[in-house]
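Here is a friendly set of exercises to work through with the viewer open. Try each task yourself before reading the solution below it.

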Amino acid sequence: MVVLAKIKQPEQFRCRFIWHQLFISKKIGENQYEYSRSGNPTREAVEKLIAELEVGTAGFAFASGSAAIDTVFSMFSAGDHFVIGNDVYGGTFRLIDAVLKRFGMTFTVVDTRDLAAVEEAITPNTKAIYLETPTNPLLRVTDIVAVAKIAKSHQILSIIDNTFSSPYVQRPLEQGVDIVLHSASKYLGGHSDVIAGLVVTKDDQLAEKKLVTFKMPLVVFWPLRKVGYCNVGLKRCLFECVLIWPMPKPSSIICQTSHLSAKFTTLAIRTTLITKSPKNKCTALAQ
């Protein structure tokens with residue numbers, strides 16, 4: 001389990017000032033950092049951090065979550081088909097309807113909780129399954145492992161928007177997914193004062209596709225500074241759910257969360273036990 005609050009920044013990026021250091025070169029191309037938007041040490045620190053948290057090979061930082069989504073789809077071509085979840089972020093649907101369909105991409109929308117429907121929607125031109133889990137805003141949960149297996153059996157990619165869980169709760173790449181993306185404006189940003197997007201790839205072959213559109217400039221300092229507090233917000237969020245959520249039978253809770261991280265499953269099991277003695281809720285969760 002990666003503990004966000006204890007992640008250490010690389011030695012050269014531990015400074016709390018925005019401007020870390022200058023990189024001087026006598027000619028173009030001599031230094032790896034020659035133009036802030038195409039590459040800078042601060043963004044590189046964020047990209048390495050999110051890759052470590054998601055247990056991937058490479059991370060990419062963008063100006064917004066929408067920019068991250070757009071760039072992932074830009075890897076594909078006209079005529080490509082996608083299976084997409086019916087409750088993904090609304091901006092994704094707007095991007096599809098207003099832009100991607102005009103470029104010749106086609107989409108089939110399904111409830112990704114229905115694995116038979118996901119498999120049935122795959123065509124010879126399908127290149128990827130794109131979904132969000134838990135979804136925004138209905139918090140619907142899809143079986144990540146099962147969808148990843150379906151994608152692999154058809155030799156297509158699986159792409160997951162992990163914004164609402166963050167790597168603190170689940171890490172889809174460890175469950176077989178190929179690409180994970182985030183709106184870092186939410187849990188990873190933590191304080192509602194930054195707009196950012198992040199993408200992590202599972203292997204070097206995907207990373208080499210060069211996700212460079214709308215790359216993020218100096219503002220990456222803010223998620224770098226705040227990502228360590230992600231666990232605080234999520235712990236509180238899960239704690240509030242325990243206090244107000246009408247609890248079903250233990251078996252159904254465990255079933256719903258069995259494919260998520262061990263920590264979330266443990267919380268669900270612990271929650272089941274706590275409801276039998278309401279007076280001990282706070283004490284048990286604090287352990």
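Accessible areas here come from the Shrake-Rupley method with a 1.4 Å probe. Keep in mind throughout that the model is predicted.

**Exercise 1. The whole chain**

Task: Find how many helices and strands there are in the chain, and what share of its exposed area carbon and sulfur atoms supply.

Solution.
1. Start with the secondary structure: the chain has twelve helices and seven strands.
2. Turn to the surface. About 14,700 Å² is exposed, and 57% of it comes from carbon and sulfur atoms.
3. Now look at burial: 49% of the 287 residues count as buried.
4. Finish with the contacts. Among those with a separation of 6 or more, 67% are between residues 24 or more positions apart.

**Exercise 2. Helix α2**

Task: Decide whether helix α2 is largely enclosed or largely open, and say why.

Solution.
1. Locate the helix: α2 covers residues 65-73.
2. Apply the cut-off, under 20% relative accessible area for a buried residue.
3. List the residues that pass: Gly65, Ala67, Ala68, Ile69, Asp70, Thr71, Val72 and Phe73.
4. Conclude: eight of the nine residues are buried, so α2 is largely enclosed by the rest of the structure.

**Exercise 3. A β-α-β unit**

Task: Work out which way strands β2 and β3 run relative to each other, parallel or antiparallel, and which hand the unit around helix α3 has.

Solution.
1. Find the strands: β2 spans residues 81-85 and β3 spans residues 106-110.
2. Check the pairing. The two strands run parallel and are joined by five bridges.
3. Pick one bridge as an example: Phe82 is partnered by Phe107 in β3.
4. Add helix α3 (residues 90-98), and β2, α3 and β3 together make a β-α-β unit that is right-handed.

**Exercise 4. The nonpolar cores**

Task: Identify which residues of the largest nonpolar core touch the most other members, and which element gives the most to this core.

Solution.
1. Begin with the members. The largest nonpolar core has 27 residues, and those touching the most other members are Phe73, Phe76, Phe107, Tyr130, Ile159, Ile179 and Val199.
2. Ask where the core residues come from: elements supplying at least two each include β1 (58-62), β4 (126-132), β5 (157-161) and β6 (179-183).
3. Name the main contributor: α2 gives the most, with five residues.
4. Note that another core lies apart from this one; it has 26 residues, including Ile144, Val147, Ala148 and Leu188.
5. Return to Phe107. Leaving aside neighbours within four places in sequence, Phe107 is in contact with Phe73, His81, Phe82, Ile84, Ile96, Leu100 and Lys101.

**Exercise 5. Aromatic rings**

Task: Classify the ring pairs that Phe73 makes with Phe82 and with Tyr130.

Solution.
1. Recall the cut-offs: planes over 60 degrees apart count as edge-to-face, under 30 as stacked, and the rest as tilted.
2. Count the pairs in the model: there are five aromatic pairs.
3. Take Phe73 and Phe82. Their ring centres are 5.2 Å apart and their planes are at 85°, so this pair is edge-to-face.
4. Take Phe73 and Tyr130. With 5.3 Å centre to centre and 35° between the planes, this pair is tilted.
5. Place the second pair in the chain: Phe73 is in helix α2 and Tyr130 in strand β4, 57 residues apart, and the pair links distant parts of the chain.
6. Check burial. Both Phe73 and Tyr130 are buried, and Phe82 is buried at 0% relative accessibility.
7. Put the rings together: Phe73, Phe76, Phe82, Phe107 and Tyr130 are linked by ring pairs into a cluster.

**Exercise 6. Backbone details in the loops**

Task: Determine where the cis peptide bonds to Pro134 and Pro137 lie, and which loops hold Leu139 and Gln155.

Solution.
1. Inspect the bond from Thr133 to Pro134: it is cis, with omega about -10°.
2. Move on to Asn136 and Pro137, where the peptide bond is also cis, with omega near 15°.
3. Locate the prolines. Pro134 is in the loop between β4 and α5 (144-153), and Pro137 lies in the loop between β4 and α5.
4. Examine Leu139, found in the loop between β4 and α5. Its phi is positive, near 60°, and Leu139 is exposed at 52% relative accessible area.
5. Examine Gln155, in the loop between α5 and β5. Its phi is about 55°, positive although Gln155 is not a glycine, and Gln155 is exposed at 77%.

Terms used. Residues numbered from 1 in each chain as written. Predicted model: local features only at pLDDT ≥ 70, side-chain atom pairs only at ≥ 80, totals over all residues. Heavy atoms only, no water. Helix = DSSP H or I, 4+ residues; strand = E, 2+ residues; numbered from the N terminus. Buried < 20%, exposed > 50% of the residue type's maximum accessible area, 1.4 Å probe, protein only. Contact = heavy atoms within 4.5 Å. Pairing = 2+ DSSP bridges. Right-handed = clockwise from strand over helix to strand, strands pointing away. Core = buried A, V, L, I, M, F, W, Y, C linked by side-chain atoms within 4.5 Å. Phe/Tyr/Trp six-rings, centres within 6.5 Å; stacked < 30°, edge-to-face > 60°.
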